[in-house]
Amino acid sequence: MAGKVAYSPQNVLVTGGCGFIGSNFVNFIFNAWPNVKLVNLDKLILNSDACYVEKNIRDSDRYKLITGDIRNRSLVENLLQHHQIDTIINFAADCTSTRCYQNPVEALENNTVGFIEFLEAVRTYGGVQRFVHISTDEVYGDSSLAQDEQGKTESTMLSPQNPYAATKACCEAFVHSYRASYNLPIIILRINNIYGPNQWNVKVVPRFIQVAREQGKFTVQGTGEQLRSWLFVDDASEGIRRVAERGVLGEMYNLGTGFELNVLNVGRAIQKEVDQQLGRPEREAEFISIPDRPYNDLRYLIDSSKIERELGWKPVIPFDEGLRRVVASELREKKEEQRMNVVIYGGGGWIGQQFQALLKEKNIRFQLAECRIGKQPDAQVLEELISLAPTHVVSCTGRTHGGNFKTIEYLEGGADKANENVRDNLYCVIYLAEYCKKLGIHFAYIGTGYIFKYDEEHPVGGAGFKEGDIPNYFGNSYSVVKGFTDRMMTHFGEFEILNARITLPLNFELNEDRNLLAKIIQYPKIFDIPLSITVLPDCLPILVDLMEKRVGGNLNLMNPGPLSLHDILQLYKQCVDPNLKDYERIGVESEVGQRLKETKAHCTVDTTYVQSLSPILSSVDSLKAGFEKIRLSKNV
């Protein structure tokens with residue numbers, strides 16, 4: 001029998017407590033354990049939001065949110081010691097099956113390697129008395145659709161059949177090894193399919209609620225006949241509580257329900273409930289079949305008799321009641337969200353200041369790093385980074401000018417200029433990328449497209465440079481260093497390290513001397529050759545959105561449709577100032593123009609990828625909209 005005297009937690013660490021199940025558990029357990037202090041460690045990955053935790057809890061001195069990854073051992077060890085943690089409930093995982101299929105190596109890094117780092121921190125600390133590891137019923141593999149099929153028991157051999165389940169089975173293997181080798185007080189809880197408030201909108205229930213609200217057609221993978229059990233999240237939370245209080249150390253418990261519905265019937269039930277809550281006539285649910293994923297288990301059927309027999313737990317919330325609560329929650333307007341905690345390097349520069357203003361406008365939490373990479377000891381930089389506990393880091397650093405020089409000519413010279421160039425334009429970036437990868441922090445680098453020039457494969461009017469192309473312009477020290485930085489960033493792959501190339505950045509504030517537009521309206525000569533440009537009011541919001549989605553890899557962050565500087569000025573003259581002073585136009589066909597084309601980083605880039613990720617205005621449409629604002633402000 002399980003222990004007769006219930007274990008009483010005092011200081012509890014909940015990992016992944018801003019995700020779907022984790023946040024519901026925090027909301028549930030805050031009152032169930034009225035004297036317990038809760039520390040929530042969450043990296044705010046994709047489906048997480050700090051505001052999923054109820055406001056009265058967030059405002060309580062019994063609750064503390066720390067943003068970070070469980071793989072960050074220094075962070076974990078410090079918080080375990082500082083808060084004298086005696087109990088851990090571990091939800092932290094990337095549970096998105098589709099993402100795990102698309103990048104199983106990333107899934108292994110997130111779910112297994114990170115978990116091992118976490119176990120090491122817990123072992124080193126040595127003060128944890130109870131550790132409940134949340135696993136999944138998917139580690140068993142699927143069950144048949146036969147009516148006499150028996151549910152999997154805790155002793156059933158594991159047979160994971162998708163990458164996500166495989167990572168969780170790996171975690172269980174390490175649980176057993178740490179239990180045997182180091183006597184860690186761990187209990188494994190394999191949970192059935194859960195539904196409830198705060199679930200990510202790519203999952204079936206919230207996605208179907210949105211479709212039903214819009215009276216659309218439900219998309220189902222394959223036939224839609226896959227059977228799933230449906231356990232309401234509060235029932236799951238009560239089960240976790242009982243395991244934490246009375247579960248036997250080293251044991252495993254299944255947590256599930258015998259209630260099953262296939263995806264088609266879930267869609268029908270949701271359509272009916274949404275129509276009722278919106279007070280409109282009920283409509284029949286319509287379905288569209290889409291290609292199934294590589295392997296979609298037909299059924300997960302588990303036997304939960306052990307936890308019922310030993311701990312007295314069984315689900316009490318019927319599906320209809322649980323669905324009513326979820327639909328009501330989804331139909332309510334969401335007023336608050338916090339999905340990122342950003343640290344900015346180079347926040348005092350021209351682009352950094354605009355990035356700060358954008359985050360303030362979006363009410364996204366951010367901090368400015370104080371350490372200067374390359375100037376201060378690496379250990380001090382790392383210590384600050386860990387202490388700031390970001391979910392995202394963005395690097396706006398870069399050396400483009402200095403002293404009396406307003407251009408990159410500043411970097412031409414002796415060893416002192418080479419030192420600044422390599423330090424600020426290469427070392428700073430690669431250092432941050434490397435440590436962010438190790439610590440599970442998303443890293444975005446605002447790089448440059450000033451590393452390409454027109455060539456035979458990319459002629460004027462022809463194909464633009466793509467994300468995978470290698471820099472081909474080495475006409476100055478700045479571009480040489482930036483080009484190699486770009487190539488080194490590529491070696492990080494697409495694992496939450498984003499290399500956002502911008503070029504000829506501009507906005508519509510004519511009083512800012514770093515602004516391309518403010519510069520060129522003063523130029524006496526203008527080279528008329530097509531170029532890609534980055535309109536910052538369009539592109540920086542896209543960058544923030546992609547950071548939240550944790551997109552990685554190279555990205556040409558520029559507006560579609562190349563324009564020459566001559567085109568920009570003529571548009572400005574047409575829209576804003578018909579009295580714009582005359583300038584000498586240098587055509588690309590001229591001798592001077594040909595020399596400029598061959599010796600400078602003039603090019604266009606392919607923007608197909610950024611257009612696939614986010615809506616973005618063409619260069620012409622964006623400039624027209626911005627120039628109209630300038631015109632109106634001048635009239636005022």
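**Cavities, charge pairs and buried elements**

The lining of the largest cavity divides into five nonpolar, two polar and two charged residues. The model is a predicted one. The largest cavity holds about 40 Å³ of space. Its lining consists of Val 175, His 176, Arg 179, Ile 186, Ile 187, Ile 188, Gly 250, Glu 251 and Met 252. Helix H6 (163-182) supplies at least two of the lining residues, and so does strand S6 (186-191).

Two cavities of 30 Å³ or more were counted. The second largest holds about 30 Å³. Gly 68, Asp 69, Asn 72, Leu 75, Leu 385, Ile 386, Ala 389, Pro 390, Leu 439 and Ile 441 line the second largest cavity. By class, this lining has seven nonpolar residues, two polar residues and one charged residue.

Salt bridges number 33. One of the 33 joins Glu 77 to Arg 73, with the closest N and O atoms 3.9 Å apart. Both residues belong to helix H3 (residues 73-82). They are four residues apart, about one turn of the helix. Glu 77 is partly exposed, at 27% relative accessibility. Arg 73 is also partly exposed, at 29%.

A second pair brings together Asp 486 and Arg 501, at 2.8 Å from N to O. This pair links distant parts of the chain, 15 residues apart. Asp 486 sits in helix H15 (residues 477-490), and Arg 501 in strand S18 (residues 497-502). Asp 486 counts as buried because its relative accessibility is 4%, under the 20% cut-off. Arg 501 is buried as well, at 0% relative accessibility.

A third pair is formed by Glu 589 and Arg 585. Here the closest N and O atoms are 4.0 Å apart. Glu 589 counts as exposed, with 57% relative accessibility. Arg 585 is partly exposed, with a relative accessible area of 39%. Elsewhere, salt bridges with shared partners connect Lys 43, Asp 69, Arg 71, Glu 109, Glu 496 and Arg 550 in one network. Asp 69 of this network is also among the residues lining the second largest cavity.

Disulfides were counted too, and the total is zero. Two cysteines illustrate this result. For Cys 18, the closest cysteine sulfur is that of Cys 51. The sulfurs lie 8.6 Å apart, so they are too far for a bond, given a cut-off of 2.5 Å. Cys 18 is buried, at 0% relative accessibility. For Cys 170, the closest cysteine sulfur belongs to Cys 171. That distance is 7.0 Å, so this pair is also too far for a bond. Cys 170 is partly exposed, with a relative accessible area of 32%.

Helix H7 spans residues 204-213. Its buried residues are Val 205, Pro 206, Phe 208, Ile 209, Val 211 and Ala 212. The elements covering these buried residues include two strands, S7 (194-195) and S8 (218-221). Helices H9 (263-277) and H11 (319-331) are also among the covering elements. Just after H7, Gln 215 adopts a positive phi of about 55°.

Trp 33 lies in a loop, between helix H1 (20-32) and strand S2 (37-42). Trp 33 is buried, with a relative accessible area of 5%. Beyond residues up to four places away in sequence, Trp 33 touches Pro 9, Val 12, Phe 25, Arg 62, Arg 241, Ala 244 and Glu 245. Trp 33 and Ser 8 are 25 residues apart in sequence. In space, their C-alpha atoms are 8.8 Å apart.

Terms used: Residues are numbered from 1 along each chain as its sequence is written. This is a predicted model: local features need pLDDT of at least 70, side-chain atom pairs count only at pLDDT 80 or more; totals for chains, interfaces and linings use all residues. Side-chain values use heavy atoms; hydrogens and water are left out. Buried means under 20% relative accessible area, exposed over 50%, partly exposed in between (1.4 Å probe, protein chains only). Contact means heavy atoms within 4.5 Å. On a 1 Å grid over the protein atoms alone, a cavity is a set of points where a 1.4 Å probe fits but cannot get out, and a pocket is an open set with protein on both sides within 12 Å along at least five of seven lines; lining residues have an atom within 4 Å of a point. Grid points are joined across faces, edges and corners, and a volume is the space filled by probe spheres set on the points. Ala, Val, Leu, Ile, Met, Phe, Trp, Tyr, Cys and Pro count as nonpolar, Asp, Glu, Lys and Arg as charged, and the others, Gly among them, as polar. A salt bridge is a side-chain nitrogen of Lys or Arg within 4 Å of a carboxyl oxygen of Asp or Glu.
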